[in-house]
Amino acid sequence: MTMHEGETRTGQPQASVHDPRRVVRARWVIILLVASLLLALAANLCLGSVRVPLDEIVPILLGAHRGETAYQVIWNIRLPRLLAAALLGGALALSGLLLQTLFSNPIAGPYVLGISNGAKLAVAFVMIMVVGDVAIMTSWMSMLAAFMGSLAVMAAVLVISRHVRSAGTLVIAGVMIGYICSAATDLLVTFASDANIANLRNWSQGSFSGINAEQVVAITVVVAVASACVFLISKPLGAFQLGESYAQSVGVDVPTFRIVVILLSSVLAASVTAFAGPISFVGVAVPHVARRLLGTSKPLLVVPVTFLAGSVACLLCDLLARSLFAPIEMSVSTVTAIFGAPIVIWVLLSRKGREV
């Protein structure tokens, strides 16, 4: 694929971040996304099997109406769930952005490359074979297991990437790795107790339900630190988008940078899988939406917009998953696939004549 001037290796335009028109456009995009985020947060608090009037939300959040059903629903169920959805949605989108940059592939993402399924397998293994019925699986144990699983699959994908030239072949290999990990997880479930099987079934399909305050604290710490690190490497990330040779010419230590990107994308993907299970298409689709909204692929702008767009996407998809057919709750991955898959198809069709 021939890279034209002003384009990244994934064919996205990279206009100057200092262009006044781009700055104004970015401000409006961020304002729009922040407004959408606030509306999505309010909707997630109000809507559900128990409807809570909007004018009661603020008093409840300030501690009023203690002991009432609405108070218990907001504080114990909806607030932890929506905070997790917002944080993990942003983390998943950022992980996809990093993977697309690392592999120069527009459809790379933690779910597509099998990284989410690797994390899922590791968590299931620890939950069933190590912890079992004798101990409680803590948030940090889940996080560590998911990180090790995602890192192992990432290493396998990197090894494959050194032996294949086609980005399409790499994606197919990642999908096959994901199938292997998913099959191994299903095999593990046959040795699980009834209680673990019930927990694994909801979690393995992708869901924000059941997340508690302790888990939200762990999610906040991990996602905040990792996301801040992603923003801090925006400049070398922009240079790397234009090719490794260019990045080296402007002083980027490419081998070290690649390791940093691998670690950050693994931590972000692992944080999602550890607490919500594998969630599809958000990591692939959202970065493209962010670039299109901004009209540039400059990481300094794309990173925060990608995080915000990922948060909004997961909040809205989770709201639909639990409200559309209430009291029956769908998997979040089902909803994200319905909206995300057409975006991925659009990305592929828009790259006419280019290798994917």
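**Salt bridges, aromatic pairs and a nonpolar patch in an all-helix chain**

Phe325 is placed in the loop between H13 and H14. In this predicted model, that residue makes a convenient starting point. With a relative accessibility of 49%, Phe325 counts as partly exposed, because the exposed class begins only over 50%. Phe325 is also one of the residues that make a nonpolar surface patch of about 620 Å². The other contributors to this patch are Leu320, Leu324, Ile328, Ile338 and Phe339.

The wider setting of the patch is helical. The chain contains 14 helices and zero strands, and from the N terminus on its elements read α-α-α-α-α-α-α-α-α-α-α-α-α-α. Of its 356 residues, 52% count as buried. Contacts between residues at least 6 apart in sequence were also examined, and 77% of them join residues at least 24 apart. The surface exposed by the chain comes to about 16,300 Å², with carbon and sulfur atoms supplying 67% of that area.

Charged side chains come next. Three salt bridges are counted in the model. One of them brings together the side chains of Asp318 and Arg81, with an N to O distance of 2.8 Å. This pair links distant parts of the chain, since Asp318 sits in helix H13 (residues 299–323) and Arg81 in helix H3 (residues 69–103), 237 residues apart. Asp318 has a relative accessible area of 0% and is therefore buried. Arg81 has a relative accessibility of 8%, so this residue counts as buried too, given that buried means under 20%.

Arg81 takes part in another salt bridge, this time with Glu329, where the closest N and O atoms are 2.7 Å apart. Because Arg81 lies in helix H3 and Glu329 in the loop between H13 and helix H14 (332–350), the pair ties together parts that are 248 residues apart in sequence. Glu329, at 36% relative accessibility, counts as partly exposed.

The remaining bridge to describe is formed by Glu244 and Arg258, whose closest N and O atoms are 3.1 Å apart. Glu244 belongs to helix H10 (residues 244–249) and Arg258 to helix H11 (residues 254–276), so this pair ties together parts that are 14 residues apart in sequence. Which of these two partners is buried, and which is partly exposed? Glu244 is partly exposed because its relative accessibility is 32%, whereas Arg258, with a relative accessible area of 16%, is buried. Seen as a set, salt bridges that share partners join Arg81, Asp318 and Glu329 into one network.

Ring systems give a further view of the packing. How many aromatic pairs does the structure hold? It holds two. Tyr71 and Trp75 form a tilted pair, at 6.2 Å centre to centre and with 35° between the planes. These two residues are four residues apart in helix H3, which means that about one helical turn separates them. Tyr71 is buried, as its relative accessible area is 11%, while Trp75 is partly exposed, with a relative accessible area of 33%. In the pair of Phe240 and Phe257, the ring centres are 5.3 Å apart and the planes stand at 45°, so this pair is tilted as well. Phe240 lies in helix H9 (residues 234–241) and Phe257 in helix H11, and the pair therefore ties together parts that are 17 residues apart in sequence. Both Phe240 and Phe257 are buried. Helix H11 thus carries Phe257 of this aromatic pair and Arg258 of the salt bridge with Glu244.

Finally, the cysteines deserve a brief word. A search of the whole structure for disulfides finds zero. Are Cys46 and Cys181 buried or exposed? Cys46 counts as buried because its relative accessibility is 10%, and Cys181, with a relative accessible area of 8%, is buried too.

Note on methods: Residues are numbered from 1 along each chain as its sequence is written. This is a predicted model: local features need pLDDT of at least 70, side-chain atom pairs count only at pLDDT 80 or more; totals for chains, interfaces and linings use all residues. Side-chain values use heavy atoms; hydrogens and water are left out. A salt bridge is a side-chain nitrogen of Lys or Arg within 4 Å of a carboxyl oxygen of Asp or Glu. Buried means under 20% relative accessible area, exposed over 50%, partly exposed in between (1.4 Å probe, protein chains only). Patches are made of residues with over 30% relative accessible area and no salt bridge: like charges are joined within 9 Å, nonpolar side chains (Val, Leu, Ile, Met, Phe, Trp, Tyr) within 5 Å. Accessible areas come from the Shrake-Rupley method with a 1.4 Å probe; for residues, only the protein chains shown count as cover. A disulfide is a pair of cysteine sulfur atoms within 2.5 Å. Rings of Phe, Tyr and Trp (its six-membered ring) pair if their centres lie within 6.5 Å; planes under 30 degrees apart count as stacked, over 60 as edge-to-face and the rest as tilted. Contact means heavy atoms within 4.5 Å.
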